[in-house]
Amino acid sequence: MTDPRHGMTPEAPNPPLLDAVTDVAGIRVGHARVPGEGALSGTTVILAPEGGAVAAVDVRGGGPGTRETDALDPRNLVQRVDAVVLTGGSAFGLDAASGVMAWLEERGRGVRVGADPARVVPVVPAAALFDLGRGGDWRARPDASTGRAAVEAAAASEPGGPVAEGGVGAGTGAVAGQLKGGIGTASVRLASGVTVAALVAVNAAGSVFDPRTGVLFGEYGAEAPPAHPSAQTHAAALRRLARAQKAREAAGGGVPPFNTTLAVVATDADLVRAQAQKLAGTAHDGLARAVRPVHLLTDGDTVFALATGRVRVQPDSPAAVNEILASGADVVARAIVKAVRAARTTEGPGGGDFPSYTDLYGT
């Protein structure tokens, strides 16, 4: 039955939310970490349902490291993709997508080339963040084997299962300003039955918290007013961060100004490619709410959008799409907050000392 307020037709009742990108039916997530001492990097794969998903991308950082993003332009041939790769390792780490491509090809998933169903070319969009040397070994970065491990983990996960957050996958070596960054995910179900969700790898040059109060920027404007840390707690946190910064500089391990926050926004709405691209664009608003500043020349901030098409959107209902667009920004901001709260303090010869928000503020 169509909901006249939103112009959408849910196919079936939805299960309870886990507040994760896997609340979009058919989406699975897998993480893999680069092995070995001195390694502080990894890869995250967002695996679409069989048959793929409509995909789009919006790149706003001035220093992106990406692969196959031009294929997602609505003017071009590719209609659907089977996976998106978020990876550490800067441009080197984009090799992780090769492992995902090989895994998909073995299963006949990709763009069909000719009559033989085995002849496919998987299109695997990917984006990388800068974490080189943070574990101490400059050459410890994701490769094809890391990508394969991440997509295998995604395929082995339970449908609709929980998603690990914090210092995992592409968030293993991520930092958020002077804090430890990582992976976060969030979702919302609209009254229409549409689900909108996000997964974010937070590795920002900008700050994620207000230096005046210690409140995470992404919590301003939320339904419940943010709890302000005490003045004493905030002052102690600032002193701890200043000591950590001095220690990194003394050891020659200051943070290079090459960062990047990566996100995938997914929905079960039946969006066309142009609408999916608009969703990727408006989702950047969530990034701008939660990280300040963003989209600098040395950032590679990139947002992908995936639409699985489970819930039909009436073509003559702009209000229905507007609600999805607004929700995309909301879940990105909330996923960033969750990433920062899930992260844990990292210490190491290359990573330096990056305290976590939770260790500093106890929340």
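Is H295 buried or exposed, at 25% relative accessibility? H295 counts as partly exposed, a class between buried (under 20% relative accessible area) and exposed (over 50%), with a 1.4 Å probe and protein chains only.

This is a predicted model, where local features need pLDDT of at least 70, side-chain atom pairs count only at pLDDT 80 or more, and totals for chains, interfaces and linings use all residues. Residues are numbered from 1 along each chain as its sequence is written, and side-chain values use heavy atoms, without hydrogens and water.

Confidence comes next. The chain has a mean pLDDT (the predictor's confidence in each residue, from 0 to 100) of 91. Of its residues, 93% reach 70 or more. Over residues 1-12, pLDDT stays under 50. Where pLDDT is low, the predicted coordinates should not be read in detail.

Two residues have a positive phi without being glycine:

| Residue | Phi | Loop | Relative accessible area |
|---|---|---|---|
| S90 | about 50° | between β7 (83-87) and α1 | S90, 21% |
| H295 | about 60° | between α4 and β16 | H295, 25% |

Helices (H or I, at least four residues) and strands (E, at least two) are DSSP runs, numbered from the N terminus.

The loop between α4 (273-290) and β16 (302-313) also holds P293. The peptide bond from R292 to P293 is cis, with omega near -5°. Most peptide bonds are trans.

Now the helix pair. The axes of α1 (residues 96-106) and α2 (residues 144-156) come within 6 Å and cross at roughly 50°. Axes are lines fitted to C-alpha atoms over the stretch in contact, with angles from 0 to 180 degrees between N-to-C directions.

Note on methods
Contact means heavy atoms within 4.5 Å.
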